Amino acid sequence: MGSIDSTELSKVSIDLEAANTKIIEQPSIQELNKSLGEKILGLSGKGHDLKTSLRFSNADPLRLFRAIGMYIDEGKRSITEASLGSANVMLMALKLEEFSWRKAKNERNYSLLCIEEPEAHLHPQLQRTVFKNIFKEKDDSQALIITSHSPTLASIVPLRSIISLRYVKTSTKAFSLADLPIEEDEKDDIERYLIATRSEILFAKGVIFVEGDAEETLIPSFAEILDYDLDGLGITVCNVSGNNFNPYIKLAEGLGIPIVVITDWDPLDGTKPALGRARCVGIWDSRCEVNTELNILTEKNREWAETADFDEFSSSFSKVGIFLNNETFEVAIAQTPNLSSVLLEILDEQGFGSTRTKRINEWKTDSSKIDSTQLLAMVKDIGKGRLSGKLKKKISGGKLIQVPKYIQDAIEYMVKNV
C-alpha cells in the first residue's frame, strides 16, 4: 500500500464509486436496496439502523487492498473454487513470494521454511514440476525442510539432503545421507536410479535387491506361495538392472534399512573363479564402508572367499543376507521340482523348431538332462521379462509350487529381520 501514490488510489476509488452508482441505478436493484433497508430498519429501529446499501465494494482507498483477491481461470473463478491441489500450489507460491519480498527489504523474520506432506492432492507431474522449481530457486541462506511419503517427490530430491526417520527397536532414529561415502559418479547413478517406482526404497522397512526384471516380477509371487505379503510387511523388491549392487547397498545401509541380496553365482568355464565370488565380497565391503559396526573381511577371509566351494561359500554369505544360486536364476527355476515343469510347459508353448521341441520333451521326461546353455539360449529368444510374466501368471495362487531354496531362504531372512 505504501508504494502506491495516494492520488492513484483516489482515482481508483472514484472509478469504483461510479461503477457502484451505475449498478444501484438499475430499477430492480433500487427496489431491492430500498426493501432490504426498510426491513432492517423495521427490525432494529432508528437507534440501531445499519444504513445498508448494495454495492460492489467499499470505495474507501485504504480499504481497496482488502478487497483484492486471487482468481483462477483468467479471473473467471474465485480461489475458493480451486481444487485442494491448486490451492496448495498457490499457498506455497504466496509464501515464497512473501519471503522473497522480505529478503529484498532485508526484513526476513524467519529461519526455516517447513512444508508438511506437500504431495497431498498433487498429481505426480505437478509434484515434480513444483519442487524442481522450489529447489532451483532456494538460495543457501534459506533453510528448507519438507516431510513427505511421496516416492515421486523423493525421486527428485538431491540425494545428500535426504534424512530418513525410522523406528528402531524402541525409538525413532534419524539416518542422514549427507556424508554417505560414495563417489560422485555413484551419487549420480543412485539419483538416476531413484525414479518414482524405485524411490519407494526410501520408505521401505526392508529391501530385497535383485539383478533383473525376472526376479523383480517373480519374487513377490514366490512370497505369496510362502504365505508372505511383502507389501503388507513394507518390503520392497528392487531391481538394479545388472550386478553392480554396491551404490544401492550403500544407500540402504546409510538409511538403516534391513537388506537382502539375491544374485547369481555365474560360474565361468575353465579355471577362472565364478563372478559371484568377487560380487559378494564387494557387497559386504560396501556395507562395511557405511556401517562401521560391521566386521570387515580380513586377508584370511578374502583368501578363503577365492577358494571355497559353492556350498561353503553360499552358506557363509547367506548368514549376512546374501543369497546365491549355483548358476543363474532361470537355471535355478529349471532345477526346482514342479516349477521346472511349469517352465518347460511355457517353453513348449513357444512353437520352437523340431530340434528344440524334441529337446524340451526329453527334459520333461527327465529334468536332470536339462542343459543350462541350451535352456538359456531359449530363454534369451523368448525374453526374460516376457518369460517371467508368463511364469507369474501360471504360478499365481499355486500353493503346490515349490520355491527355489535360495529364494525361499532369502525371503524368510528378510521377513525375520523386519
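**Helices, strands and a few residues up close**

User: Is the crossing in which H10 passes H11 left-handed or right-handed?
Analyst: This is a predicted model, so let's read it as one. Looking at how helix H10 passes helix H11, the crossing is right-handed.

User: At what angle do helix H10 and helix H11 pack?
Analyst: Two packed helices are described by the angle between their axes and the distance between the axes. For H10 (residues 246-254) and H11 (residues 275-290), the axes lie 9 Å apart. The other half of the description, the angle for this pair, is about 35°.

User: Which residues of H10 make the contact with H11?
Analyst: Every contact has two sides. On the H11 side are Gly 282, Ile 283, Ser 286, Arg 287, Glu 289 and Val 290. On the H10 side are Asn 246, Ile 249, Lys 250, Glu 253 and Gly 254.

User: How many residues in the contact of H10 with H11 are charged?
Analyst: We can sort the contact residues into three groups. Three of them are nonpolar and four are polar. The charged group of this H10 and H11 contact holds four.

User: How many residues of H10 are buried?
Analyst: Pro 247, Tyr 248, Ile 249, Lys 250, Leu 251, Ala 252, Glu 253 and Gly 254 of H10 are buried, under the 20% cut-off. The helix is therefore largely enclosed by the rest of the structure. Out of its nine residues, the buried count is eight.

User: Which strands and helices do the buried residues of H10 pack against?
Analyst: The strands among these partners are S6 (171-176), S7 (206-210) and S9 (259-263). The helices are H7 (184-193) and H11.

User: Which residue takes a positive phi just after H10?
Analyst: Here we step off the end of the helix. Just after H10, a positive phi of about 70° belongs to Gly 256.

User: Is Arg 279 buried or exposed?
Analyst: Arg 279 lies in helix H11. Its relative accessible area is 9%, and the cut-off for burial is under 20%, so this arginine counts as buried.

User: What is the length of the polar contact that joins the side chains of Arg 279 and Glu 211?
Analyst: Leaving aside neighbours within four places in sequence, Arg 279 is in contact with Glu 211, Asn 243, Phe 245, Thr 263, Asp 264 and Asp 266. With Glu 211, the side chains are joined by a polar contact of 3.2 Å.

User: Is Ser 164 buried or exposed?
Analyst: Ser 164 is found in strand S5 (residues 163-168). Leaving aside neighbours within four places in sequence, Ser 164 touches Lys 173, Ala 174, Phe 175, Leu 202 and Leu 255. Its relative accessibility is 7%, which means that Ser 164 is buried.

User: Which side chain does a polar contact of 3.3 Å join to that of Ser 164?
Analyst: This contact runs from side chain to side chain. At 3.3 Å, the polar partner of Ser 164 is Arg 166.

User: Is Lys 51 buried or exposed?
Analyst: Lys 51 lies in the loop between helix H2 (27-44) and helix H3 (64-67). It has a positive phi of about 50° although it is not a glycine. With a relative accessible area of 68%, above the 50% cut-off, Lys 51 is exposed.

User: What is the relative accessible area of Asn 338?
Analyst: Asn 338 sits in the loop between helix H14 (329-334) and helix H15 (339-348). This residue is not a glycine, yet it has a positive phi of about 70°. Asn 338 is partly exposed, and its relative accessible area is 40%.

User: How far apart in space are Asn 361 and Leu 344, C-alpha to C-alpha?
Analyst: Asn 361 is found in helix H16 (residues 354-365) and is partly exposed, at 37% relative accessible area. In sequence, Asn 361 and Leu 344 are 17 residues apart. In space, C-alpha to C-alpha, the distance is 8.4 Å.

User: And how far apart in space are Arg 66 and Thr 236?
Analyst: Arg 66 has its place in helix H3 and is exposed, with 70% relative accessible area. It is 170 residues from Thr 236 in sequence. From C-alpha to C-alpha, the two are apart by 52 Å.

User: What is the radius of gyration of the protein chain?
Analyst: Let's finish with the whole chain, which has 19 helices and ten strands. The globule rule gives 22 Å for 418 residues, and the chain is well over that, so it is more spread out than a compact globule. The C-alpha trace spans about 105 × 50 × 40 Å along its principal axes. The radius of gyration is 33 Å.

Terms used
Residues numbered from 1 in each chain as written. Predicted model: local features only at pLDDT ≥ 70, side-chain atom pairs only at ≥ 80, totals over all residues. Heavy atoms only, no water. Axes fitted to C-alpha atoms, helices over the stretch in contact; angles between N-to-C directions. Helix = DSSP H or I, 4+ residues; strand = E, 2+ residues; numbered from the N terminus. Left-handed = near helix turned anticlockwise from the far one by under 90°. Contact = heavy atoms within 4.5 Å. Nonpolar A, V, L, I, M, F, W, Y, C, P; charged D, E, K, R; others polar. Buried < 20%, exposed > 50% of the residue type's maximum accessible area, 1.4 Å probe, protein only. Polar contact = N/O pair within 3.5 Å; in protein donor to acceptor, adjacent residues only side chain to side chain. Rg over C-alpha atoms; globule rule 2.2 N^0.38 Å.
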